[in-house]
Amino acid sequence: MNKSLSCLCMALGLLLFSSGADASNTISITAGPVPSVSVTQGSSIQSEPISPPSSLPVSAPVKADKKPMIAIVIDDMGVDMKRSAQALDLPSAVTMSYLPYSRKITEQVKAAKDKGHEIILHMPMQAENPKEDPGPHHLTVAMTPAQLEENIAASLDAFTGYDGVNNHEGSKFTTYKPGLDIFMADLEKRHVFFLDSRTSPQTVAEQVAKEHHLTATHRDVFLDDVETAGAVVGSLDRVEAVARKTGSVIAIGHPKDVTLPALKTWLATLEAKGFQIVPLSSVVEYRNQVCVVMAQHIDNK
Ligand SMILES: [Zn+2]
């Protein structure tokens, strides 16, 4: 998918979201011998035959109802075992992203799953600042394809049961298309989605993921880049604003003392404000289904 189509996808998402749709307005993709996409009301697009990309989940209808979707991801999970355990007390709709080199990773992931959290894998990648250490088996732009494959396998095989992957650090590696091509080809085989944490404005990771037919999207807000209570509250206000404006938002926070209590308090207020807290995969699927509808519309012009 090219860049202008991505922009159009966002525009269609906005159109669908702002069209005053009610709960009966749905985008649905139906599996079967002749898969079809249909959009009811608020759009001129009607049922058309379509062949969805192979990695796109085709079973779950995504509602474009009035409630904006908020997905919260806690990443860097697993290394600080005490605070990672505390994070599991957040509502089960909060998604947990585990560093593959954490101690007792299988047990930690099982505890999170037992509490109903969606799990993703937090893939270590090289940062622009050489003083940042993303940890064991991180991917660098200096590695040969064989070295990359070795480190990718070491991380992706560290535990099982994850639905997606996002990058840990990676402000350098996510700008390096040759390495990303190798990484995304491996993710495609594992049928997982990709979330670009967007640690660099120059990242091409989401674009490369889509070239490899992955369902992919990007983080909108970081919650705790500045570790003060006031800054976290300011970030949470921004999360609400983005959700209201576009219909969905993805925010990333970390298992920090400044973040966890603020999140717990704020999450309890969201339903009354008219938001829905959803697992990350719900926003990823919603955004990618909007793109499939848009691509089909353009193909038929
Ligand atoms: Zn991280």
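What share of the contacts in the protein with a separation of 6 or more is accounted for by residues 24 or more positions apart? In this predicted model, the answer is 71%. Keep that in mind while you look around the fold: there are 9 helices and 13 strands in the protein, and 44% of its 301 residues are buried.

Let's start inside. The largest nonpolar core has 61 residues, and the ones touching the most other members are Ile70, Ala71, Phe194, Ile250, Ala251, Leu280 and Val283. Strand β5, residues 69-77, supplies the largest share of this core, with 7 residues. Pick out Phe194 and look at who surrounds it. Setting aside neighbours within four places in sequence, Phe194 is in contact with Gly164, Val165, Leu187, Ala209, Leu214 and Ala216.

Now swing over to helix α4, which covers residues 145-156. Its 12 residues reach 16 Å from the first C-alpha to the last, close to the 16 Å expected at 1.5 Å a residue. Which of its residues are buried? They are Leu148, Asn151, Ile152, Ser155 and Leu156. Looking down the axis of α4, you'd find these buried residues within an arc of 125 degrees, so they line one face of the helix. The spacing makes sense once you remember that an α-helix has 3.6 residues a turn, so residues three or four places apart point the same way. The buried residues of α4 pack against β7 (119-125) and α5 (177-190). Turned away from that buried side is a face carrying the exposed residues Ala146, Gln147, Glu150 and Ala153.

Finally, a look at the backbone in two loops. As background, most residues other than glycine have a negative phi. Lys104 is not a glycine, yet its phi is positive, at about 45 degrees. You'll find Lys104 in the loop between β6 (95-98) and α3 (105-114). Is Lys104 buried or exposed? It has 11 C-beta neighbours inside 10 Å, so Lys104 counts as exposed, given that the cut-off for exposed is 12 or fewer.

His213 also has a positive phi, near 65 degrees, and is a residue other than glycine. This one sits in the loop between α6 (205-211) and β10 (216-218). Because His213 has 15 C-beta neighbours inside 10 Å, it counts as partly exposed. While you're at that loop, glance back at Phe194, whose contacts include Leu214 and Ala216.

Conventions:
Residues are numbered from 1 along each chain as its sequence is written. This is a predicted model: local features need pLDDT of at least 70, side-chain atom pairs count only at pLDDT 80 or more; totals for chains, interfaces and linings use all residues. Helices (H or I, at least four residues) and strands (E, at least two) are DSSP runs, numbered from the N terminus. The expected span of a helix is 1.5 Å times one less than its number of residues. A residue is buried if 20 or more other C-beta atoms lie within 10 Å of its own, exposed if 12 or fewer, and partly exposed in between; C-beta atoms are placed from the backbone. The arc is that of the directions from the helix axis to the C-beta atoms. Two residues are in contact if their C-beta atoms, placed from the backbone, lie within 7 Å. A nonpolar core is a set of buried Ala, Val, Leu, Ile, Met, Phe, Trp, Tyr and Cys residues joined through C-beta atoms within 7 Å.
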